[in-house]
Amino acid sequence: MNLLNILERTVNHPKLGLAHFARPSGSYIQEKDGTRIAGKSFVELLEWALENGRFEEVTDEVPTFKKPKDNFGNCQYFRFEMPPEVEAFQGADMLVDLDVDLDTLRVQESNHPAQDGSPIPEIVTSEIEPRRVNFGFIIVGDYDGGRAIWTAHPGEVLPATPIEGIDQVPADTWGTLEIVHGDSGEPTLTTPTKIVSTLSMHQTIKLAG
């Protein structure tokens with residue numbers, strides 16, 4: 001199955017569809033007039049790249065620590081070019097590469113749920129300064145008996161680092177979690193009554209939508 005077929009399967013899958021290509025947080029693409037490209041218009045942009053050969057597989061070049069250990073599994077990574085008439089911005093980075101106040105970080109539900117439909121958490125902040133890029137990545141993995149696009153976004157591949165201990169906290173209360181400096185200065189995820197976990201410095205942080 002080629003990438004265009006996989007894109008079509010993803011768009012037509014009842015659990016994925018065009019909503020899977022929304023970009024409510026993190027990196028984004030826009031028209032020259034500032035109109036955001038997401039959903040159907042993002043799919044059309046990906047179709048342009050695939051139909052015109054503006055992509056290449058780079059799976060072997062992606063560091064192992066950036067690859068997910070489960071969820072969609074068996075991932076392939078494809079770098080694609082942005083068409084010249086759009087403006088693309090990377091609005092995400094690893095915690096280790098960011099200079100942000102921990103009290104600006106918050107946990108929310110990702111736009112991409114797990115295969116069983118359960119929510120996946122992500123961490124966002126309003127303090128990321130988006131940077132202009134002219135490329136993006138398509139990540140393909142196993143989904144519901146076939147191949148699907150796990151995600152596609154402008155900019156570099158970032159780790160799909162799980163947030164340890166988050167399963168201790170109901171998803172509808174993720175927004176109440178705080179991220180503070182632990183006893184040794186490490187970023188620590190807490191509730192008002194207990195420590196949930198220490199965050200990895202490879203944790204991906206997204207620009208809040």
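At 33% relative accessibility, Glu31 counts as partly exposed, and this residue of strand E1 opens a briefing on a predicted model. The points below turn from Glu31 to an aromatic pair that also involves strand E1, then to His13, which is found in the loop between helix H1 (3-12) and strand E1 (28-31), and finally to the largest pocket, with a volume of about 1,200 Å³.

**Glu31 and its surroundings**

- Because partly exposed covers the range between under 20% (buried) and over 50% (exposed) relative accessible area, the 33% of Glu31 places this residue in that class.
- Leaving aside neighbours within four places in sequence, Glu31 is in contact with Ile37, Glu85, Val86 and Glu87.
- One of these partners, Val86, is 55 residues away from Glu31 in sequence, although the two C-alpha atoms are 4.9 Å apart in space.

**Aromatic pairs**

- A search of the whole structure finds four aromatic pairs, and one of them, formed by Tyr28 and Phe89, is stacked because the ring centres are 5.1 Å apart and the planes stand at 25°, with planes under 30 degrees apart counting as stacked.
- Since Tyr28 lies in strand E1 and Phe89 in strand E4 (residues 86-90), the pair ties together parts that are 61 residues apart in sequence.
- Tyr28 counts as buried because its relative accessibility is 11%, and Phe89 likewise counts as buried, with a value of 15%.

**His13**

- With a relative accessibility of 9%, His13 counts as buried, the cut-off for this class being under 20%.
- If residues up to four places away in sequence are not counted, His13 touches Tyr143 and Asp144.
- With Asp144, His13 also has a polar contact of 2.7 Å, which joins the two side chains.

**The largest pocket**

- The volume of the largest pocket is about 1,200 Å³, and of the 47 residues that line this pocket, the closest to its centre are Ile120, Trp150, Pro159, Ala160 and Thr161.
- By class, the lining of the largest pocket is made up of 22 nonpolar, 15 polar and ten charged residues.
- Strand E7 (121-125), strand E10 (146-154) and strand E14 (204-207) each supply at least two residues of this lining, and the largest share, four residues, comes from E10.

Notes. Residues numbered from 1 in each chain as written. Predicted model: local features only at pLDDT ≥ 70, side-chain atom pairs only at ≥ 80, totals over all residues. Heavy atoms only, no water. 1 Å grid on protein atoms, 1.4 Å probe; cavity = no way out; pocket = protein on both sides within 12 Å on 5 of 7 lines; lining within 4 Å. Points joined across faces, edges and corners; volume = space filled by probe spheres on them. Nonpolar A, V, L, I, M, F, W, Y, C, P; charged D, E, K, R; others polar. Buried < 20%, exposed > 50% of the residue type's maximum accessible area, 1.4 Å probe, protein only. Polar contact = N/O pair within 3.5 Å; in protein donor to acceptor, adjacent residues only side chain to side chain. Contact = heavy atoms within 4.5 Å. Phe/Tyr/Trp six-rings, centres within 6.5 Å; stacked < 30°, edge-to-face > 60°.
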